[in-house]
Structures are given as structure tokens and as C-alpha cells.
Amino acid sequence: MADLRTNFAGIDSPNPFWLASGPPTNTYGQVAKAFDQGWGGAVWKTIGEPIINVFSRYGAVDLGQNRMMGFNNIELISDRPIADNLKEIAEVKRNYPKHAVIASLMVESKREAWHEMVKQTEDTGADGIELNFGCPHGMSERGMGSAVGQVPDYTCQIVEWVKEVATIPVIVKLTPNVTDITYIARAAVKGGADALSLINTINSIVGVDLTTFEPQPSVAGKSSHGGYCGPAVKPIALHLVSAVAGDPVVKIPISGIGGIASWRDAAEFIALGAGTLQVCTAVMHYGFRIVEDLIGGHRTIADIRGRALPKVTKWEELDLNYHLLAHIDQDKCIKCELCWTACEDGAHQAIRRVPRNNGGPVVEIIEEACVGCNLCAAVCPVQDCITMRQVPNDYAPVTWKEYAAGKGKLAPRSEQFHTATWGTRA
Amino acid sequence: MIDAPVPLSNEQLERNFADIAPPLTNDAALLEANKCLFCHDAPCTIACPTHIDVPAFIKKIASGNLRGSARVILEANPFGHSCARACPVEVLCEGACVLNDRDEQPIKIALLQRHATDVVLERKLRLFEPGPNTGKRVAIVGAGPAGLACARDLRRHGHAVTVFEAQPQPGGLNTYGIAEYKLKADVALAEVQDILDLGVELKTGVTVASLEPLLASFDAVFVGIGLGSTKRLGIPGEDLPGVVDALTFIEHLKTHPYRETAVGRHVVVIGAGNTAIDAVTQAKRLGAATATIVYRRGERDMPCYHYEYELAKHDGCGFRFNAAPQRVLGNGAVAGLEVRTTSGTETIPCDMVIVAIGQQERSLVVPRTDPRVFVGGDCANGGAEIVNAAAEGVAAAKKIDAVLGGKGR
């Protein structure tokens, strides 16, 4: 088996796959079982003054046959006594010395409260502390969670308080519910954070029951906005991880979180700069055993870490003279004409319909109209049937930045627009 | 024998013997894999005699890790390639799929297994390595699925393995006896080669008459010799030219160009087990005008799987129930089969009779109480599926490893 041992901000673990703070890391029994099944680390369900939860806490968004494409929750932090949690963290660490055990903390924004909590946590032997500045629901109304993580000064201040007493690495968990996450990330760095983890959940209302008009999940007929997660949020998380990982000021390790369910998801986060990965929703759906896929898909991690990061750039740096043309493999085409509909109504009217006869092609690309947008390839239900092919030209690459400054020349491009009256075009 | 020429064109014969379950396209495999619910303690895994972790291998197909998927399959079942094609999945994994209870088609587990494992043969992936040499030597009698499954795991434990096989080619019934439209000999042999490549010594054309010499020179012996020739009918006329046993008929078909296997114009197959179905369908696919199962008991007594019965009916084969063969008629060649029915004696005109009433046990004396002797496969279970043989071979390898001082895993 591949050697996936990881050192993250000074924290060692047998592999970079950690359970994110949440329902799967609520107890000794869960975390021990997860470690037995192969997880490299676990961030304990957030500890603080015990809360009282509502009944009905989760809502889900299905996509066709696929359950839980998106998932949200209005659950709060641990409802178990701090002492019980700390005792079990110590026990897990004692019995699994090689695994990463991280305590997630959330207490009221007072220096003494944080000092006391951090000291108690360190006594457990935990490898690190994660500061939960991210939960967008419930706790934020009490001035904690994302209420801290949305204000750079608060973030910096609390990290400073924690670092005054902490001797183990401190990870700051960021909320995505901000306009520019790099401001918060920089504030955490300024406060002395050793690492960042992101993203926490996204504010959401997961749905409305149209017979009762109750938002979901319903609690006695009412609901509240909750934190959205699951496969649906991965693109948002990838963007925010890349934004923080590529920030010239941040420069500290990042633990990637958000919709990770397979080794491929994990590899994408790693390629965008994540050092470890945290998973919660996929475990809530399928159990701890999914770690087998995460581990099994990787032969190495070092080789891909950050590989995609230099390829994330500003729009103004993209080459305007890179031209693509859609290509339809007529042998693979099953003649559904979804590409035609999408292009005709939703894009550039660059696909021509051919009357159905003799089993010949029913769709053809109108090359002079195609703008290489990818839409037809995206809607095509057959793998590799529609591919985007580069159309070489003799023009040197030119970015918008250069072009706007009067430098470089644009290669001739598709200029055909569908301006005719409806019904007059074949 | 029959010398009537096969009336079908080569193209038609190729079509008739093409894979009855063609491989999935990448699109179809992804779609299918994503339908799997990923059950806990999955009924499909429980139903499989080798307990392949089916949800795990399907999940890996969905996540694009075909190599890892194949490893999950072949780790549990060294004959994952042939089982993907020839397993009676309707009564095993697919029959157990929970989607059946949601009034849906079960996940196409066999085709997904083929999708994952075909990659190993296509890209010649080497998924397993022999273990460090233990200095122990094991003799395996019979190079069928049981013996070679045992051999594969013994090599992974580092024991030296010598396999003795009476036939010229290894693979047992996988090579010689599975219906051509399910499993072709080249796939069976490629699968065997993967196992032999772990450093298994193979001696073909060697019939072991006694285990004594083997026990004298090896540390343990595994016997996976399968069953012997087809039982005799014990009725007059059964030695007439034109009467063949099903295994010989199928073996000839699988080891020669299709048109070189003689088939009658009107073929009768005696017996109603799965081998009888294989014989009757293949006689029909070779070009017999009629191919009819003749069975002494009723429709509901047939030992073949229901879907095999359906397949034979779909192929246009006939069925005569409650017809007990009395004698084969003919003078120098088969002219008919006399049967006793509920309404008296009757003659079924035919020019070929294929006998498929089960196999005899072999005569090799196996000292089963000897702690160094292990058995598995058809000779131990009385005749079952490839997957049973593979499971028994794998289980025996664990026991042998334990006896030889290993951890028995």
C-alpha cells in the first residue's frame, strides 16, 4: 500500500484523510472505529458549554436518483459535557498515538474563557486545536462561530488569545459566508494561526414543503437557516481553498473540507494546495468505510500537491487567442439532440439539425458560429462523444490585460449571430 | 459420429457464439455503478461464495479506480474474470440485490465485475506478487478453478506450488466445459496465466494415480480433480455412433473451429441440468434444426436454473417432460430415441443423442483424514459452480498456510 504519511503543521498522521468536526466525531466509539477502519485523523465534534439541540436537524437535496447531493444542518456544537469530551479525547489519543486527534473548540469571546478551554484541551494530549469560527447557524446568534469568522478583527483577536497559551498547533476553521475569504485568512495568520481549514458550511434553506409551507428541516412548523454541505458545495470549497492557498500573505498549511466523497475529490483539493482533507457528509451517508476508496485511489500525494495552483489565475490573464471548436463523434452520437437544444436556446446557435433519415448524423457543428463554450459537451450524455478541439491559428497569445493596453492582436473569431426572426432559419 | 456438414455460415456461427452478455460501455458502467446504494453488510457480498466486497468494487468503478476495483474482486476471488461471465448471478449476488425489493432491476454486478477485471487482462496489470519463499512445497492435483485458486494464494504466501493436470491445457472446465457464449477458452487461459505468472509450476498431461508419492515429496497436497466422465444411461443403443456425452461435445466445440464440431439435424439431449442446457443451446446454435431436452420427470423437477431454462426456450429448443429414455434406436447410426411416457412408449426421431445426466466420481483414493491432504471444488462438493470451487480453493490455501506454519490468512 502506498505510503501516505502526512505531516500537517507539525501534526503527524498515517494518511491525510481526517474526519471533519461533526456528528461522526462525537464520541470515543465513533472515532476509534474510524481509526480502525483507516482514517488518519479526526477533528472532534466542537466542544464548548453544552448546548441543547432541536429535534429534526438535517435537510437533504436529492438529484434524481442520487440522495443527499446537498445536505444541511441546524445542529449545534456538542451537547455532551466538556469533561466527558476531554476524557474521551485523551483516551483516543492514548489508544491511537499515531493518529491525529484534534479538538475543535468554540467558547464565548472572552480571553479567560479561551485560555481555560485551551489549557484543559492540552491536558488531553490532543495533537492540535481547531477553532470553530465557521458554523453559520445557531451559535452565530450567540456571538460565536461564523459571527467571529466573518469579522477579521475578531478572528485575529481570538487567535491571539489562544496562541497566548497554546503549545500545540492551532488550526483556524474558516466560514465561506464572507465576501472575500482571504481577509479572514490573513487575519488568522496575523493572530498567529499555524494552519487553516476550510470550508465550514454555507448558509442555506434546503427546501420548502409545499403542502405545509414549512421550510426544511422543520421544527414544529418552523425552520432556521442551516449550514449547507455535501457534494454540492465542492466547487465552492475548491475555489476558496485555491484563493487562500494562492494568497501571497497566507502561506500556512490548509486542510481542505467541502463535499469530499472519493479519492478524486480529495486529489483535486490536494492539487489546489490542501495538505490534509476533512470529510463529514460522505461518512454520514455511507459510513467510515469510504476511507478505503480515499486511500486506495492514491499511490502518492506529494507528487500532486499544489500542482493545479499555478494554473489558477485571473480572468484578465487568460489567452484570448486560444480558440476551440466542438467536435461531434458521429459514431458515438445517440441522436438525442440535447446539444442542439442547449446550443440553440442557451448558447450560440452553432449546431445544425439534419433531418432524420438513413441513420445518418442528425446534428452538425456550424464551425463559423461555434464559440467553443463547452455547453454541448457538458449536456451530451455520451462520454467523449462531443469533445472540444483546439483550432490553431498564427496569432501570438494575447490576454485581456495586454489587449486592453493596446498590445497584441486578436485572431479572427466566430462572428455569426442568430439575429433572424424565429422560423426563418433552418 | 455425425458427418453432416454444419449448415450455418461462419459469420452466423460467430454471431451464435458471441458473448451472450456483451461488456458494458464506459458510459453504461458509470451509470450502473452510480446506481449502487453501497449497502452495509451487503446481501450481494453475503450471497457470493467468495464474499467479494461488491459495493467496494462498484464504488471504485464510480470513482474511476478500475485497477483498485479489480483488486478488490480478484483479492477475494482469483477467478473473478470467469465468474463475471459464467456465475449464476441471478441466484447469487444479483438475486440478492436490495433493488429487487424496490421492484427494480438489480445492479448489473456481473457486467460491472467484468468491466473492472477486463482492464487487468487488457493492460496486463500485475496486481499480486508472490510472497517471500518459505521453503515449503505444495502439490496440487488438478488445474481447475479450485486448484489454481489455491495455488494463487499459496504463492502469495510464499510456498512453492506444483500443479499436476491430466489435460493438455490448464483451467479445467473453465477452459473445456463452460458454454462458449458465456466464457471463451482464451479468457479462461489468460486468467489462468495470471496465476501461473506468480511462479506456479504446471505439469500438464500428467494423470496422478496415487497421492502416496506426492505426500512423500511435498509438504501438503491439495486435490481439486473435479468429477469424471458423464454417467452412462445404461440403456440399449447407447454405444451407437451419434451418441455423445455432453462434456465431450462441449469440449470439442470449445477446442476446434465451430464448424468442425459435428451436430445432428435433429438432436436430443437427455437430462435437464445446467450442462444439459449448455448442450442443447449449443447444438441449436451450431445449426441443428431441432434440439430437444428429453427429461424423465416434470418441468418443475428440472435441476437447471430457471433462467437457463428460459434461455433454452428463447433459443428455440424443445422440451419433452415425463419421457424416460428406454433405448437408442438405429442400425450403425442413431435413428431415434425410444421413451416411456405416461401414455405408453413413443419414439422421438433424431440423428444425435447427447447425454447429460451428471458426472461420475473419480476413482483417485484421497486419504481425507491425513492432515496434509486438502480437497476442494467439484470432487469435494459434488459438482457446483466456478465460484464455489474458487472459494474452496481460497479457503484451503488458508488452512494449508496455517499447517505449513504461516498465519493462515
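Here is a short back-and-forth about the two-chain model shown above.

Reader: Before we dig in, what kind of model is this?

Author: Residues count from 1 along each chain as its sequence is written, and chains are lettered from A, with ligands numbered from 1, in the order in which they are written. Local features need pLDDT of at least 70 and side-chain atom pairs count only at pLDDT 80 or more, while totals for chains, interfaces and linings use all residues, since this is a predicted model.

Reader: How much of chain A counts as buried?

Author: Let's set the scene first: the C-alpha trace of chain A spans about 75 × 55 × 45 Å along its principal axes. Chain A carries 13 helices and 20 strands (DSSP runs numbered from the N terminus: helices are H or I with at least four residues, strands are E with at least two). Buried means 20 or more other C-beta atoms within 10 Å of a residue's own, with C-beta atoms placed from the backbone; 12 or fewer is exposed, and in between is partly exposed. Of the 426 residues of chain A, the buried share is 43%.

Reader: Which element gives the largest share of the side of chain A that touches chain B?

Author: The contact takes 12 residues from each of chain A and chain B, with a contact being two C-beta atoms, placed from the backbone, within 7 Å. On the chain A side, α8 (263-271) and α10 (291-296) each give two or more residues. The largest share there, three residues, comes from α10(A).

Reader: And by class, how many residues on that side of chain A are polar?

Author: The classes go like this: Ala, Val, Leu, Ile, Met, Phe, Trp, Tyr, Cys and Pro are nonpolar, Asp, Glu, Lys and Arg are charged, and the others, Gly among them, are polar. The side of chain A that touches chain B has three nonpolar and three charged residues, and the polar ones number six.

Reader: Is helix α4 of chain B mostly covered or mostly open, and which element of chain A helps cover it?

Author: Helix α4(B), residues 54-62, is mostly covered, with nine of its nine residues buried. Among them are B:F57, B:K59 and B:K60. From chain B, the cover includes α2 (26-35), α3 (43-47), α5 (66-76), α7 (93-96) and α8 (109-122). From chain A, the cover includes α10.

Reader: Which residue just after α4(B) takes a positive phi?

Author: Look just past the end of α4(B) for a phi of about 75 degrees. The residue is B:G64.

Reader: Why is one side of β9 and of β11 in chain B left without a neighbour in the sheet?

Author: Three strands of chain B make an open antiparallel sheet in the order β9-β10-β11, where strands pair if DSSP finds at least two bridges between them. Six bridges join β10 (336-341) to β11(B), and B:G336 has B:P349 as its bridge partner in β11(B). One side of β9 (324-329) and of β11 (344-349) lacks a neighbour because both stand at the edges, each with a single partner strand.

Reader: Which residues touch the most other members of the largest nonpolar core?

Author: A nonpolar core is a set of buried Ala, Val, Leu, Ile, Met, Phe, Trp, Tyr and Cys residues joined through C-beta atoms within 7 Å. Not counting residues up to four places away in sequence, A:V241 touches several residues, including A:L198, A:I254 and A:F269. Another core, of 81 residues, lies apart, with B:A62 and B:L148 among its members. In the largest core, of 94 residues, those touching the most other members are A:I129, A:L196 and A:V241.
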